[in-house]
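Work through the following exercises with the structure open beside you, and try each task before you read its solution.

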Amino acid sequence: MQVRLENIHKSFGQVQVVKGLDLEVRDGEFLVLLGASGSGKTTALRMIAGLEKVSSGRIRIGERDVTNLLPKYRDIAMVFQSYALYPHMTVFANIGYPLTVRGESKMAIEAAVKDVARQVQLDALLERYPRQLSGGQRQRVALARAMIRRPAAFLMDEPLSNLDAKLRGYMRTELKHMQHKLGITTLYVTHDQVEAMTLAHRVALLDRGVLQQLDTPTNIYNAPANLFVAGFIGSPPMNFLDGALDNGWFSSQVCKFETKRRSANRDVVAGVRPEDCKVTEPGAGKIVGDVYATELMGDHTLVTCRIEGGTIVVKADKAFNRHDGDSIGVDFPEAATHLFDKRSGDRLA
Amino acid sequence: MTAQQKSRGFIRRLFEAESLEEMAIAPKVGVYAALAFWTLIVLFPLYWVLVTSFKIEVQVDSGPFYLPFVDFSPTLDAWNFMLLENNTLGPYLNSVVVALSSTLLALLFGSLAAYALVRIRFQVKLAAVLTFIVLLIAVIAAVALGAPWQAATAIAIALFLLALGTFVRRFEAAVGNNDIEFWMISNRIMPPIVAVLPIYVMFQHLRLLDTQFALISTYTGVNLPIVVWLTRDFFAGIPLDLEESAEIDGASKFRVFFTIALPLVRSGLAATFMLVLILTWNEFLLALFLTNANAQTMPVLVAAQNTTRGPQWWYMSVLIVIMIAPVIIIAGFLQKHIARGLLIGAVKG
């Protein structure tokens, strides 16, 4: 079902955590709330769950206004970062808890638990206790418990962050598949941009309680709405050059190139992603600098190049073999650059 | 063994263990000597009571005799008298009923209160509390001066409600959870002897002196602070995620308390149960004042063996043995439950 946040504010005492958040999650959509710690993403999720009161604004799930409803009447299911499995109950009782609480018959509960356990491959572990399970298995119990009721929406608070890297990758795939199969609206909170990019239909990027951009992963990556988004998404992050725009030309201390923008602006930041840059002979590229550090990542090498007034990172071939201090050139196509107004931070469209 | 180990001096070998698996000789001797000494201190009085219960007056007065069959010939005289001729069963049953029911009641109410203090934020206006106290004093004064208590109470309640709706609202100062908790625990700071007479008079007016009800209700009240104090930390130790998850799964606050919180602190509850049970089982002062024949408990009966003919040690010993026995048995049963480790696996992988 559709979930809508309308102008949500939340303060804890004097501290404003969420400032006027408007968000609409479409029916069946996988929406990721992405942000650093302190961005208000978890608070936003907890307000949807009913674990925190809103300071102002309205929350709707489907057609219902749930702003002041108790969590249990919101028809949602939540997966916690800690999984929050009930340690004194078996896997069976854990998964069946939402139905037990609703007073469903023993037979109905058993059938439902078995069915959902099969979907997450837990059928052989139903008699175990949470402490007897591995991290990945616990994670699946938490998922099964959320799935058993077919709620109006899933809320997930960093569900994968307690798993080791390999298992995380596997569970990411599983999660995406499961969400697609069930078609249940999902709000997923994470600070991990890889999770956001791979899982989401749309990503909502938050910074200090304010929504920065809400768009598909592709658009967020290719057309970041402002400097914050541009700097947050992408690893290694985008390179920024301070300069001015005049008569279609961007010029800074270190380089000058032509853009499609005709307007004049004295405070402009040009951004270019490391993978859009390439190393050339000094003089052949747009920028000249010298090698500051090289890091071999396996399939590529990250070259940090010192230029006047800063550094610039280039994603180079794995065969890159200059020494530190060598003079190199850096080139990039004009079309790959992003221009931002320095004062407002907004993208110059 | 290496050469270095062989060459260790005698003193060194005495104090330094050869491996991680065993202790060195000197500390081992020291530890066991200390343990043996303390065991003697703890067990000897129990032994002494036990052998005394098999003695007769002469054997006690002309003693001390330590070893049955060697020093003196044991008899069952005291046991026969106490179990068959004297009314011991009545006080014993009283003790069982009073101790068990008051402990269970204190545990139920106390844990509910402790849970509320941990999970709910209270803000009672200080002005409301003060108004209440002032009105209470006024009612007492009015009744003492001859006003009918029904009228005085009714007027006071009306005034209190009026105050709540009017000037009380304007005051900021409020009593928080810590104040409430301190107030509860501070009830135990007052010496019981101070409260005994008022309690006696109260039950006298209620015509409930010498009833199990009087003892049960008094003990429950007296032990509530201890239960609150002890269990609040257990509840505070439960990860909030578990309870929030249960709420989202559809459980009410009471259901969360009884199906999640309470089972998770059961080892702590077992320890608290044991402590409070021992306190009530052995309580003397209140029992002495509030009972005489019908509701008399074991401690009073034991004290009663100190007669005009001097203390009847052999009878006392019989009573003490049968008083101690059940407590030791219960403690043995609960030992398993007092073991920790229940929460392991609840949170994190």
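**Exercise 1. Domains of chain A**

Task: Find which residues the domain assignment of chain A gives to domain 1 and which to domain 2, and then describe the contact between domain 1 of chain A and domain 2 of chain A.

Solution: In this predicted model, the domain assignment of chain A places residues 3-232 in domain 1 and residues 239-341 in domain 2. The next step is to locate the centres of these two domains over their C-alpha atoms, and they prove to be 39 Å apart. The contact between them takes 4 residues from domain 1 of chain A and 4 residues from domain 2 of chain A. Finally, the side of domain 1 of chain A that touches domain 2 of chain A can be divided by class, which gives 3 nonpolar residues, 1 polar residue and no charged residues.

**Exercise 2. The contact between the chains**

Task: State how many residues the contact takes from chain B and from chain A, and find which helix supplies the largest share of the side of chain B that touches chain A.

Solution: Begin with the totals, which are 22 residues from chain B and 24 residues from chain A. On the side of chain B that touches chain A, α12 (240-248) and α13 (253-264) of chain B each supply at least two residues, and the largest share, 6 residues, comes from α12(B). Sorted by class, that side of chain B has 12 nonpolar, 4 polar and 6 charged residues.

**Exercise 3. Backbone geometry**

Task: Determine whether the peptide bond that joins A:S235 and A:P236 is cis or trans, and decide whether A:N7 and A:Y83 are buried or exposed.

Solution: As background, most residues other than glycine have a negative phi, and most peptide bonds are trans. For the bond between A:S235 and A:P236, omega is about -5°, and the bond is cis. A:P236 itself is placed in the loop between α8 (227-232) and β11 (239-246) of chain A.

Turn next to A:N7, which is found in strand β1 (residues 3-12) of chain A and has a positive phi of about 50° although it is not a glycine. Because a residue counts as exposed if 12 or fewer other C-beta atoms lie within 10 Å of its own, and A:N7 has 12 of them, A:N7 is exposed.

The last residue is A:Y83, in the loop between β6 (76-79) and α2 (91-101) of chain A, and its phi is also positive, near 75°. Since 20 or more other C-beta atoms within 10 Å make a residue buried, and A:Y83 has 27, A:Y83 is buried.

Note on methods. Residues numbered from 1 in each chain as written. Chains lettered and ligands numbered in written order. Predicted model: local features only at pLDDT ≥ 70, side-chain atom pairs only at ≥ 80, totals over all residues. Domains from an automatic or database assignment. Contact = placed C-beta atoms within 7 Å. Nonpolar A, V, L, I, M, F, W, Y, C, P; charged D, E, K, R; others polar. Helix = DSSP H or I, 4+ residues; strand = E, 2+ residues; numbered from the N terminus.
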